[in-house]
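Reader: I have a structure open and no idea where to look. Can we go through it piece by piece?
Author: Yes, send it over.

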Amino acid sequence: MDKIATLVLTLAYLQFALSFESRHVVFVIVSQPEPYHASVAARLKQDIQNQVLEIDKSEAKVHITHEEFPVPGGWTIIPLLRPLINKYKNTDVRWALFIEPHTAVRCRNLFKALDAADKQEDVMWIGYPLSDEEPTIIHHFAFYEDLEEEGGFVYPNFASGFAMRMQLVYSFLKQIEGGERKLEADFSIDPAFELAKLVYGGAHNPGPLLTPDLSFCVVSGDNCATYPRQFDICGSAIPEESIYFAVKTWSGFHSTRAKVVKKTWGKHVSNLLFYSDKPDPSLPAIETGVPNSKTGHCLKTIAILKHVVNTVRNMPHVKWIFLADDDTILGVHRLCEVLSCYRGGSDVTILGERYGYGYGKKETAAKGYDYITGGGGTAFSVRAAQLVSRCACGAGAPDDMALGACAAHRLNITLTHSPLFHQARPQDYSREVLARDRPVSFHRHSSPEPHRVYATWFQHDDMALKRRRTKDEL
């Protein structure tokens, strides 16, 4: 009976293997050069290679993008398509799987999913479908009522990965390079959403819709082909005393937004100073010497960084500078956990939620750059803050964009993205995105009011941080 069962399983495997094999897919790990992220990507590559070797005794085609396709704005996907086609055109590769370093892959289940999709000629790309319940700032307030009859505008959950038929990659790239499908976005925020928008096109040139495939999971399960893994804690959380917290504000918000900071996350930190157009000892706030303006704030931000850098010269225990807006809602303990994976102090690290400028238009793509959007907060190693404080900018220049451009084009600093920092409110993100892992921050005061957001997402962990500090003092 055991021999018969083994024979049946072997025949079933051979039938499956002959229909879809590892040589038919290329794995694209959309990675970052920062050492922690690079190491995670390298481990994922090795894991995929080991699985494929066990399955069909062959070598998997796996690429870490920052090493093998180091094109500007590669994280937005479009710039990766040309090098991908150049390498695999006229080969037997049928599908490209795009994944993040923290995406777990189960190759047997993945090959089953791709085999099923491969047999349906009208299926051109697959992934876990996300959709917006209402227009949101992170998607440029776009909403597509014309797609409601077809199930609404869906886009893949990048953390779960998504697969595109190489036929689609080639035809899509040809349309872009031929001018039939235009890149029109100045800003890059959510690459999966923006890719779907470009693939779908308009009524005059529609493209194939994403085919939902729930084996691209949002949580681990037996039948999952992929799923997002949580982010590591690299040892113990760093001491909050090793972070200097600088908050941008102005006198009109001293009694409102600044007070919210003081009553929420601000009471859990040791080194906190507000920077304003007027001094206020009750916060405390000091004057930056830069008049308040409704837009830009670049001169103000540079003045803040200069002051902080000078201050921490006499604070050798401080390894990080965290720059926040007065409506940033922060989890202090979570920030300390996340920073345990990165190098502070004399290393050059700038961490936060990455946006891009210029990649979305053909004429500006080569001059595009990344920037850390300021609302979710930016973590600078002390050395990075020293370097960035020397940047020049105009009075009306947006501070986060100006610093990003300076970091890229003048200082040659590569910024590091973490999806745990959030430029917008919790309701601006899909439930699946927020369920992936515990966040570090949100931004903006609105409904629900900020005290409630803080209590829901961060208060419990920060209270534990306070209790541990009190115990240590005793």
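Reader: Which residue stands opposite Phe-162 in E8?
Author: Phe-98 does. Keep in mind that this is a predicted model. Strands E3 and E8 pair in the antiparallel sense, over four bridges.

Reader: And what stands opposite Met-164 in E8?
Author: Trp-125 stands there. E5 and E8 are joined by three bridges and run antiparallel.

Reader: What holds strands together like that, in general?
Author: Strands of a sheet pair through backbone hydrogen bonds, and the pairing is either parallel or antiparallel.

Reader: OK. Are the side chains of E8 buried or exposed?
Author: Buried, on both faces. Phe-162 and Met-164 lie on one side, Ala-163 and Arg-165 on the other, and all of them are buried.

Reader: Helices next. Which residues of H6 are buried?
Author: Met-166, Leu-168, Val-169, Phe-172, Leu-173, Gln-175 and Ile-176.

Reader: Why would they come at spacings like that in a helix?
Author: An α-helix has 3.6 residues a turn, so residues three or four places apart point the same way.

Reader: What do the buried residues of H6 pack against?
Author: Two helices, H4 (78–88) and H7 (191–200), and the strands E3 (95–99), E5 (125–127) and E8 (162–165).

Reader: How far apart should the ends of H6 be?
Author: H6 covers residues 166–177, which is 12 residues, and at 1.5 Å a residue it should span 16 Å. Its end C-alpha atoms are 16 Å apart, so the two values agree. The expected span takes 1.5 Å times one less than the number of residues.

Reader: What comes just after H6?
Author: Gly-179, which takes a positive phi of about 85°.

Reader: You mentioned H7. How many of its residues are buried?
Author: Nine of the 10, so H7 is largely enclosed by the rest of the structure. Those buried are Pro-191, Ala-192, Phe-193, Glu-194, Leu-195, Ala-196, Leu-198, Val-199 and Tyr-200.

Reader: What does that buried set pack against?
Author: The buried residues of H7 pack against helices H4 and H6, and against strands E5, E7 (155–156), E8 and E9 (187–188). Just after H7 there is Gly-201, with a positive phi of about 65°.

Reader: Changing topic. How many cavities are there?
Author: A search of the whole structure finds six of 30 Å³ or more. The largest has about 730 Å³ of space. It is lined by 38 residues, and the closest to its centre are Glu-100, Phe-158, His-417, Pro-419 and Arg-436.

Reader: Which elements line the largest cavity?
Author: Those that give two or more residues are E7, H7 and helix H13 (431–435). H13 has the largest share, with three residues. By class, the lining has 20 nonpolar, nine polar and nine charged residues.

Reader: And the second largest cavity, what's its volume?
Author: About 150 Å³. It has 16 lining residues, and nearest its centre lie Ile-372, Thr-378, Phe-380, Asp-400 and Leu-403.

Reader: Which element gives the largest share there?
Author: H12, with five residues of the lining of the second largest cavity. E15 and strand E20 (378–381) each supply at least two, as H12 does. The lining divides into nine nonpolar, four polar and three charged residues.

Reader: What about pockets, say the second largest one? How much space is in it?
Author: About 740 Å³. It is lined by 30 residues, and the closest to its centre are His-297, Asp-325, Gln-423, His-443 and Arg-444. H12 (residues 399–409) gives the most to this lining, with three residues.

Reader: What classes of residue line that pocket?
Author: The lining of the second largest pocket has nine nonpolar, 11 polar and 10 charged residues.

Reader: Asp-325 came up there. Which residue stands opposite Asp-325 in E15?
Author: Lys-248. Strand E12 (residues 243–248) is joined to E15 (residues 320–325) by six bridges, and the two run parallel.

Reader: Last one. What's the order of the open sheet of seven strands?
Author: E14-E13-E12-E15-E20-E17-E21, with mixed pairing. Its edge strands, E14 (285–287) and E21 (416–417), each pair on one side only.

Technical notes. Residues are numbered from 1 along each chain as its sequence is written. This is a predicted model: local features need pLDDT of at least 70, side-chain atom pairs count only at pLDDT 80 or more; totals for chains, interfaces and linings use all residues. Side-chain values use heavy atoms; hydrogens and water are left out. Buried means under 20% relative accessible area, exposed over 50%, partly exposed in between (1.4 Å probe, protein chains only). Contact means heavy atoms within 4.5 Å. On a 1 Å grid over the protein atoms alone, a cavity is a set of points where a 1.4 Å probe fits but cannot get out, and a pocket is an open set with protein on both sides within 12 Å along at least five of seven lines; lining residues have an atom within 4 Å of a point. Grid points are joined across faces, edges and corners, and a volume is the space filled by probe spheres set on the points. Ala, Val, Leu, Ile, Met, Phe, Trp, Tyr, Cys and Pro count as nonpolar, Asp, Glu, Lys and Arg as charged, and the others, Gly among them, as polar. Two strands pair if DSSP finds at least two bridges between them.
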